[in-house]
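Trainee: Could you walk me through this protein? I'd like to learn how to read a structure.

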Amino acid sequence: MISRRTFLGGVSAACAVSATGTTAFGKLIPHSGPSGVAGDPASLVDVTIGTGGHGHCFPGAVVPFGAVQLSPDTYNDGWDWCSGYHASDTSIMGFSHTHLSGTGCGDLLDFLVMPGTGESKLVPGPRSNPDEGYRSRFDHKDEHAEPGYYSVLLKDYGIRAELTATERTGLHRYTFPSGTKSGHILVDLEHGYQANAKPTVVSASLERIAPDTLAGGRTTKAWGDGREAYFTMQFSQRPTRIAFYKDDAEVQAGSQPLTGKSLKCVLFFDLTHNPIICVKTGISGVSAKSAGNNLKVELPEWNFEQVRRNAREKWNQQLSRIHITTDNEDHQRVFYAALYHASLGPVLFDDVDGSYRGMDKQNHKLEPGQRNYTTFSLWDTFRAAHPLYTLMIPERVPDFGNALIRMAEQSPAGMPVWPLQGTETGTMTGYHSAAVIAEACNKGFTGIDYARGYQCMMKRAMVDDYRGLGYYRSKHYIPCDLEEESVSKGFEYCYDDWSIAHVAKKLGHADDAKMLSERSLNYRNYYDTKINFARPKLDNGEWAPNFSPIEMGTTKKWRDFTESNSWQTTFGVQHDAAGLIELMGGQKPFLAKLDELFDQPTVLPPDAPPDIAGLVGQYAQGNEPSHHIAYLYVYAGEPHKTQQRIRMLMETMYKPLPDGLQGNEDVGQMSAWYIMSAMGFYPVDPVSGNYIFGTPLFDNVTLQLGKGKRLEIVAHRAAPSDQYIQSVTFNGKPYTRSWFNHRDIVKGAKIEFTLGSQPNLEFGTNPADIPPSLKLESA
């Protein structure tokens, strides 16, 4: 099993106007007052959050869910450079067109462009000595980043670089120093995220298809094995000369495309009359010709400022779907950065004519009106990001679901696990595309072919010999001496069974629904009730020896847990909290054990992956298996402890700083946890459609649900620190439950909280008010 850690080893007047002024990077000052939020919420986004530490975020130009992420690359190897950028760096290699947001594995960084003056160089050079190559020093005070736009001064060349984007194209604007007579632009097709410190290009092609236009593409073998990417790139000025290079040796360009693994070219320009060069690039997973068509349709002109305005407007439309009222500027900055990051993926992966690259390595055509997506970090995002999308962007949910179903049908690997641009990376455990499709099904989303999806799900659940599933079916657990990460895989398969059971019920397959629901209780076979821990079990049915709850496994052969240990996995049941409580002997011992989790020493063994971050005892906010755990107090009748824990986590684990995130951002999941929790509720069991009350952070939240419907959340409190629920009204009526369902709000609702400084030990404690478990019911 691949984990995130083991993988690593003639120019228009508009183009001629250069933006003036910069804002210190990491210190973007949001507009104050209602106009900043309602009129221009993009002004509240601090793009720099997550670009340092282990956040793995990029600062460049992108539109919501766009295929192009045009951003600077400071380095292209190592875990903390999965996005190609890290705030600790002081030099830039260039600007590439595709980037991953917050992932724990690296890839992409396609089609690097780097302007320069003086001698042209073909290698980037080391960060320790940028003078050895084409990279340039920069200073964060000379950077400006905002949604849809990025700029920086390349100090070694005196060039101001500016970037903006549409969905499938990127637009660069390079302003050379005044008086410069000549300059050049490097295009490097060998550049990309490296594997084992080596380039990952399998093959590439490059040609000049017009005096001012290049085209080409490449196949890479990095995280995505056999990923194909193509481009067409046009320059606003005609170059005086283009030098082509193969393996860093200059070659003559003939009538046929240049091919090889290491292809580059340098375009030389006469800047006597105009010091500004714009570059526009279309990308595609299908062909260079299709990339050119994307460019023609989406970016026919050279109006940089108009493209920038359009990108900002797209972001304002997206960010205005949730409006908050707060006097706390730090909370506001964190929230809007989270909303921004949660709107970067999944990523559009089709062309303007509906063509796309399938998981079968073939090109396909969508039906009119459909869209295709990729970059689904499913092990992460099924937990809170996709539930958020069902509320915030319901119009995209059918396309997400159908994209996953197409992948399942086309891919030799079957149900998507972590798909990336026409490849299956296979990263992480479970096959949580089932959970995403099932959640949409249970919440009543139409326009998704659930019958086709169900066939793919059942093949995986009942037939495929996939990563221990055979043992899971026959033995009702996965032996740790026969399969790596056996405990975590067993827990993940339980949730996938639970997910598919909902689709089975919806489609009228009652027997399947019953069987899968019962099988979803296989997690119980991992519990040693004598010590109240989930632990690995041998093929002979005995508990594995040498068990310690903080260890990753019981032997050095492999791990028994996926980016977690027994402390976290013991509470890793999302659909049957009541059953877990019963296994532990009832509410009192369960609550004691849950308290103990948070009160443990923050000690991990030397071989623990760095993904286990943001520790509070053995709870790890920086990694997804823990994300629902603080909400489990609600199921055991002590919701006030959830309220206290959640407020503490929001205050301590999220800061408005480049290193303000605990762990990887993970394509929106780390942000979605904050968004949902700050609104006052969280989907512990996403497929069920149930939302569990935590504690609202803001005085008022208005969430646009689509079709004119909205959810309004109001918090009344005497002091900002008040965190404990005293009472709730739902649509004006007193409400005693500690949870609600998607169906209760989807047509619009208003929830009002009265909060205090001390717990109300009565609220949500009546057995009738506790959230249900293991209940197959439509949301």
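Mentor: Let's start with a definition: two strands pair if DSSP finds at least two bridges between them. Keep in mind as we go that this is a predicted model.

Trainee: Okay, how many bridges join β30 to strand β31?
Mentor: Pairing takes at least two bridges. β30 and β31 (residues 690-693) run antiparallel. One bridge to look for has Tyr682 with its partner Ile692 in β31. The number of bridges that join β30 to β31 is 2.

Trainee: Which strands stand at the edges of that sheet?
Mentor: It's an open sheet of 3 strands, with antiparallel pairing and the order β30-β31-β36. An edge strand has a single partner, so one side of it is left without a neighbour in the sheet. That picks out β30 (681-682) and β36 (739-741).

Trainee: Let's go inside. Which helix gives the largest share of the largest nonpolar core?
Mentor: In soluble globular proteins, nonpolar side chains tend to be buried together. Here the largest nonpolar core has 199 residues, and Phe95 and Ile322 have the most contacts inside it. The largest share of this core is 10 residues, and they come from α12.

Trainee: And which residues does Ile322 contact, neighbours within four places in sequence left aside?
Mentor: Ile322 is one of the two residues with the most contacts inside that core. Among its contacts are Phe335, Tyr336, Leu339, Leu388 and Met392. The others are Ile675, Met679, Val701, Thr702 and Leu703.

Trainee: Where is the empty space, and how much of it lies in the largest cavity?
Mentor: Rolling a probe the size of a water molecule over the atoms shows where empty space is left. For the largest cavity, that space comes to about 210 Å³.

Trainee: Which element gives the most to the lining of the largest cavity?
Mentor: Of the 18 residues that line the largest cavity, the closest to its centre are Arg383, Phe491, Glu492, Gly572 and Gln574. Two helices, α12 (486-506) and α14 (566-570), each supply at least two residues of the lining. By type, the lining divides into 7 nonpolar, 9 polar and 2 charged residues. The most, 5 residues, comes from α12.

Trainee: How do the residues lining the second largest cavity divide?
Mentor: About 170 Å³ of space lies in the second largest cavity. It is lined by 21 residues, and the closest to its centre are Ala67, Ile283, Ser284, Gly285 and Phe349. Strands that give two or more residues include β13 (225-235) and β18 (276-284). The lining divides into 10 nonpolar, 6 polar and 5 charged residues.

Trainee: What about the largest pocket: which elements give two or more residues to its lining?
Mentor: The largest pocket has a volume of about 410 Å³. Of its 15 lining residues, the closest to the centre are Pro394, Phe445, Leu705, Lys707 and Val746. The lining holds 6 nonpolar, 5 polar and 4 charged residues. The elements you asked for are α7 (385-392) and β32 (700-706).

Trainee: Last one: does Pro64 count as buried or exposed?
Mentor: Pro64 sits in the loop between α2 (34-39) and β1 (71-73). Sequence neighbours within four places aside, Pro64 is in contact with Lys314, Trp315, Gln318, Ser343 and Arg396. The cut-off for buried is under 20% relative accessible area. Pro64 has 5% relative accessibility, so it counts as buried.

Methods: Residues are numbered from 1 along each chain as its sequence is written. This is a predicted model: local features need pLDDT of at least 70, side-chain atom pairs count only at pLDDT 80 or more; totals for chains, interfaces and linings use all residues. Side-chain values use heavy atoms; hydrogens and water are left out. On a 1 Å grid over the protein atoms alone, a cavity is a set of points where a 1.4 Å probe fits but cannot get out, and a pocket is an open set with protein on both sides within 12 Å along at least five of seven lines; lining residues have an atom within 4 Å of a point. Grid points are joined across faces, edges and corners, and a volume is the space filled by probe spheres set on the points. Helices (H or I, at least four residues) and strands (E, at least two) are DSSP runs, numbered from the N terminus. Ala, Val, Leu, Ile, Met, Phe, Trp, Tyr, Cys and Pro count as nonpolar, Asp, Glu, Lys and Arg as charged, and the others, Gly among them, as polar. A nonpolar core is a set of buried Ala, Val, Leu, Ile, Met, Phe, Trp, Tyr and Cys residues joined through side-chain atoms within 4.5 Å. Buried means under 20% relative accessible area, exposed over 50%, partly exposed in between (1.4 Å probe, protein chains only). Contact means heavy atoms within 4.5 Å.
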